[in-house]
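Visitor: I would like a tour of one protein chain. Could we take it step by step?

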Amino acid sequence: MLSLEAFSANKPVSIVDAFFVATSAVCVTGLSPIDVFSEFTIAGQWIIIALMQLGCLGIITYTTLIFYIIGKNISLRDRLAVQQSIVCSNVFSLRKFIKRIVFFVFAFECIGFIFLLLLSPKGVTAFDALFLAVSAFCNAGFAPWPDSLIPLRHCWSFQIVIMLLIVIGGLGFFVINEIVEKVQHSCKKSGYYNLFSTAESKKLSFYSKVVITTTIGMLASGSIFIFLSELGNTIWSDASLGERFLTACFQTVTSRTAGFATTDLVGFTDITLLMTVFLMFIGGSPSSAAGGIKTTTFRVLLASLAAQLKGRKQAVIQNRAMNSQIRNNAMLLFYYAILTILMGTFLLAITENGLTHHGAARIPLFSLFFEVVSAFSTTGLSLNITPLLTDWGKIVLCLVMFIGKLGPVWLITTIQQFHTEIAYAYPEESIPIG
């Protein structure tokens, strides 16, 4: 549809570019070789909004909701598959929970739209605010301007609303639901009218506590690190310390799979760009619109490393030990992500630079690596090389985005289907390592 003349503002875009934009939108990534607002009509931009919404919750979630609405029965296998992807507990009524999270999505987007419209500087239209609200909550990273949010870098209130939408969208729907129920329960105890919650008592689960503390820790440490890394950068000589810290905060938030930018990334120091790669790689939380290996995987990996260094058998997070299956899955996800990024970078180096020597490369290798990490984590940040990619390079990135959107859970589920019990064991041996 995006390649059709009816949806093109100028001449129709190529089928490869249209496929790239569609993939980027449904994978809520934000990478684009073209300016979507100048190349597509309003109808084309609505298609992108629809794809972002589908990518936010997942097509299966919307399909399940439609089946519930029309009264069609859903098999136990399909119900468990949906529940495993968006719910971290078996206590929930899936029908009620799906209705709630769909409501949450549109409610937060509407609230974000209202605030963005009220706080928007001159020149930002109502459609721009709506597009940004959807893109921010879905962690998609598409913006109405070719240079992302750089035109709004001096509007603090606007950026804060965008950051809040990104963070909330990256928490995960299970966590959002628990937070809302906890607030409603507190209001009920205080005598306020309780509209949605039916829970008599609500405490945050262990999972929600891990997600929230990890998210806060990453945002705080990332902001401070980037702020200190940019203190000696001459491009910030005219900016106040407050503006620098706001930029550091925004860069930290957007690096966790959102993809917006309030300044050109090529102006950052290499240290900041490496931190950005680290934040993109971790990403958001499970059952959210964000990508990456997820915050919970990162916490399990940290706990496993700490256990190894301390010589302990148990990996502990907040006084709870992680079982061996969770630890093995976390390591498998880590290897899966590393191998995907290395393979994507390898293929992109072939498609973009061919067999030329390093000094004559058309696109620097680090820029290609950055682009692949951004695509895998469905972030959308770029060192301005996306429009320079060849058609084959764009197809490689589409594949990486698709793999990143499917998520490591899909890989584990697929691999475990082929597991077979072995009734024998090989003799053990020891060799020197390191």
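Guide: First, a definition: a residue counts as buried when its relative accessible area is under 20%. Keep in mind that this is a predicted model.

Visitor: Is Ser148 buried or exposed?
Guide: Start with its place. Ser148 sits in the loop between helix 7 and helix 8 (156–171). Its relative accessibility is 13%. The cut-off is under 20%. Therefore Ser148 counts as buried.

Visitor: What is the phi of Ser148?
Guide: Ser148 is a residue other than glycine. Even so, its phi is positive. The value is near 55°.

Visitor: Let us step back. How many helices and strands does the chain have?
Guide: Both kinds of element are present in the chain. The count is 17 helices and 2 strands.

Visitor: What share of the chain's residues is buried?
Guide: The chain has 434 residues. The same cut-off applies here: under 20% relative accessible area. Buried residues make up 52%.

Visitor: Among contacts between residues at least 6 apart in sequence, what share joins residues at least 24 apart?
Guide: Leave out pairs that are less than 6 apart in sequence. Of the contacts that remain, those joining residues at least 24 apart make up 70%.

Visitor: How many residues of helix 7 are buried?
Guide: Helix 7 covers residues 126–137 and has 12 residues. Its buried residues include Phe127, Phe131, Val134 and Phe137. The helix is mostly covered, and the buried count is 10 of 12.

Visitor: How far does helix 7 reach from its first C-alpha to its last?
Guide: At 1.5 Å a residue, 16 Å is expected. The model comes close to that. The reach is 17 Å.

Visitor: Which residue just after helix 7 takes a positive phi?
Guide: Look just past the end of the helix. The phi there is about 55°. The residue is Asn139.

Visitor: Which residues does Ala136 touch, not counting those up to four places away in sequence?
Guide: Ala136 lies in helix 7. Its relative accessible area is 0%, so it is buried. One partner, Leu165, is 29 residues away in sequence, yet 5.7 Å away in space, C-alpha to C-alpha. The residues touched are Ile162, Leu165, Ile166 and Phe260.

Visitor: What separates the C-alpha atoms of Gly169 and Phe137?
Guide: Gly169 is in helix 8. It is buried, at 2% relative accessibility. Gly169 touches Phe137, and also Asn139, Ser288, Ala289 and Ala290. Gly169 and Phe137 are 32 residues apart along the chain, but their C-alpha atoms are separated by 4.8 Å.

Visitor: How are helix 14 and helix 16 oriented, roughly parallel or roughly antiparallel?
Guide: Helix 14 (residues 324–353) packs against helix 16 (residues 391–406) at an angle of about 170°, with the axes 9 Å apart. Angles over 145 degrees count as roughly antiparallel. So helix 14 and helix 16 are roughly antiparallel.

Visitor: Which residues of helix 16 meet helix 14?
Guide: On the helix 14 side, the residues include Tyr336, Gly344 and Leu348. On the helix 16 side they are Trp392, Gly393, Val396, Leu397, Val400 and Ile403.

Visitor: Which residue caps the N-terminal end of helix 14?
Guide: Look for a side-chain oxygen 3.1 Å from the backbone nitrogen of Gln325. That oxygen belongs to Asn323.

Visitor: Which residue follows helix 14, with a positive phi?
Guide: Helix 14 has 30 residues and reaches 43 Å, close to the expected 44 Å. The phi of the residue that follows is near 60°. That residue is Gly354.

Visitor: What is the relative accessibility of Thr378?
Guide: Thr378 sits in the loop between helix 15 (365–376) and helix 16. Its phi is positive, about 50°, although it is not a glycine. Thr378 counts as buried because its relative accessibility is 2%.

Visitor: Which residue's backbone oxygen lies 2.6 Å from a polar atom of the Ser32 side chain?
Guide: Ser32 is in the loop between helix 1 (15–26) and helix 2 (36–39). It counts as buried, at 17% relative accessibility. The backbone oxygen 2.6 Å from its side chain belongs to Ile34.

Key:
Residues are numbered from 1 along each chain as its sequence is written. This is a predicted model: local features need pLDDT of at least 70, side-chain atom pairs count only at pLDDT 80 or more; totals for chains, interfaces and linings use all residues. Side-chain values use heavy atoms; hydrogens and water are left out. Helices (H or I, at least four residues) and strands (E, at least two) are DSSP runs, numbered from the N terminus. Buried means under 20% relative accessible area, exposed over 50%, partly exposed in between (1.4 Å probe, protein chains only). A polar contact is a pair of N or O atoms within 3.5 Å; within protein, one must be able to donate a hydrogen and the other to accept it, and residues adjacent in sequence count only if both atoms are side-chain atoms. Contact means heavy atoms within 4.5 Å. The expected span of a helix is 1.5 Å times one less than its number of residues. Axes are lines fitted to C-alpha atoms, for helices over the stretch in contact, and angles run from 0 to 180 degrees between N-to-C directions. Angles under 35 degrees count as roughly parallel, over 145 as roughly antiparallel, 65 to 115 as roughly perpendicular and the rest as oblique.
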